[in-house]
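Visitor: I have not looked at this one before, so could you walk me through it slowly?
Guide: Gladly; have a look first, and then ask whatever comes to mind.

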Amino acid sequence: MKTPLIAAAFAAILAPSAVWASSDCPNVPRDQWMSDAQITEKAKGLGYDVRSIKVDDGCLEAYALDAKGKRVEVYFHPGTGEVLRVKEDD
């Protein structure tokens, strides 16, 4: 009876770290990065109103407003512009 409980607890602990690891920013050479203007256009097409962009641990991080006007931080893959994660701005 203890084994399933321990296994469930272990899975609950590891699951969030697996999700976070999948959204880590890749190591892309700087000369292959998209420009701020390209990221802004990509974000606009996804419904975000970008206010500023900065580099954060290898990602391009856009401070933006979403379609509902809520402040968010959108992390983009610097080479492809793929959205890696979105979080509400604190």
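Visitor: Which side chain does Asp49 meet in a salt bridge?
Guide: This is a predicted model, and in it the side chain of Asp49 meets that of Arg51 in a salt bridge, with 3.0 Å from N to O. Asp49 is partly exposed, having a relative accessible area of 39%, whereas Arg51, with a relative accessible area of 56%, is exposed.

Visitor: How many salt bridges does the structure hold?
Guide: The structure holds four salt bridges. One of them joins Glu61 and Lys54, whose closest N and O atoms are 3.9 Å apart.

Visitor: And that Glu61, is it buried or exposed?
Guide: Glu61 is buried, since its relative accessible area is 1% and buried means under 20%. Its partner Lys54 counts as partly exposed, at 39% relative accessibility.

Visitor: Which side chain does Glu88 meet in a salt bridge?
Guide: Glu88 meets Lys70, and the N to O distance in that salt bridge is 3.3 Å. Glu88 belongs to strand E4 while Lys70 sits in the loop between E2 and E3, so the pair ties together parts that are 18 residues apart in sequence. Lys70 counts as partly exposed, at 40% relative accessibility, and Glu88 is also the bridge partner of Val72 in the strand pairing.

Visitor: Let's turn to the strands, then: in which sense do E2 and E3 pair, parallel or antiparallel?
Guide: E2 and E3 pair in the antiparallel sense, over six bridges, and within that arrangement Ala62 stands opposite Val74 of E3. The two strands form a hairpin with five residues between them, in which Gly69 takes a positive phi near 85 degrees.

Visitor: What about E3 and E4, over how many bridges do they pair?
Guide: E3 and E4, the latter covering residues 83-88, pair in the antiparallel sense over five bridges. Phe76 has Val83 in E4 as its bridge partner. This hairpin has six residues between its strands, and Gly81 in the turn has a positive phi of about 80 degrees.

Visitor: Why is E3 largely enclosed?
Guide: Strand E3, residues 71-76, has five of its six residues buried, so the rest of the structure largely encloses it.

Visitor: Which residue that is not a glycine has a positive phi of about 50 degrees?
Guide: That is Asp57, which has this positive phi although it is not a glycine. As background, most residues other than glycine have a negative phi. Asp57 is found in the loop between strand E1 (49-56) and strand E2 (59-65), and at 69% relative accessibility it counts as exposed.

Visitor: And how far is Asp57 from Asn27 in space?
Guide: Their C-alpha atoms are 9.4 Å apart, while in sequence Asp57 and Asn27 are 30 residues apart.

Visitor: Changing topic, how many residues does the largest nonpolar core have?
Guide: The largest nonpolar core has 14 residues, and those with the most contacts inside it are Ile39, Tyr48, Val50, Ile53, Leu60 and Phe76. Helix H2 (36-45) and the strands E1, E2 and E3 each supply at least two residues of this core. In soluble globular proteins generally, nonpolar side chains tend to be buried together.

Visitor: Which residues is Val50 in contact with, leaving aside its neighbours within four places in sequence?
Guide: With those neighbours set aside, Val50 is in contact with Thr40, Ala43, Ala62, Tyr63 and Ala64. Ala62 came up earlier as the residue that stands opposite Val74 in E3.

Visitor: One last spot: where does His77 lie?
Guide: His77 lies in the loop between E3 and E4, and with a relative accessible area of 15% it is buried.

Visitor: What does His77 touch, not counting residues up to four places away in sequence?
Guide: On that count, His77 touches Pro26, Val28, Ile39, Glu82 and Leu84; of these, Ile39 is among the residues with the most contacts inside the largest nonpolar core. Within its own loop region, a polar atom of the His77 side chain lies 3.0 Å from the backbone nitrogen of Thr80.

Note on methods
Residues numbered from 1 in each chain as written. Predicted model: local features only at pLDDT ≥ 70, side-chain atom pairs only at ≥ 80, totals over all residues. Heavy atoms only, no water. Helix = DSSP H or I, 4+ residues; strand = E, 2+ residues; numbered from the N terminus. Buried < 20%, exposed > 50% of the residue type's maximum accessible area, 1.4 Å probe, protein only. Pairing = 2+ DSSP bridges. Core = buried A, V, L, I, M, F, W, Y, C linked by side-chain atoms within 4.5 Å. Contact = heavy atoms within 4.5 Å. Polar contact = N/O pair within 3.5 Å; in protein donor to acceptor, adjacent residues only side chain to side chain.
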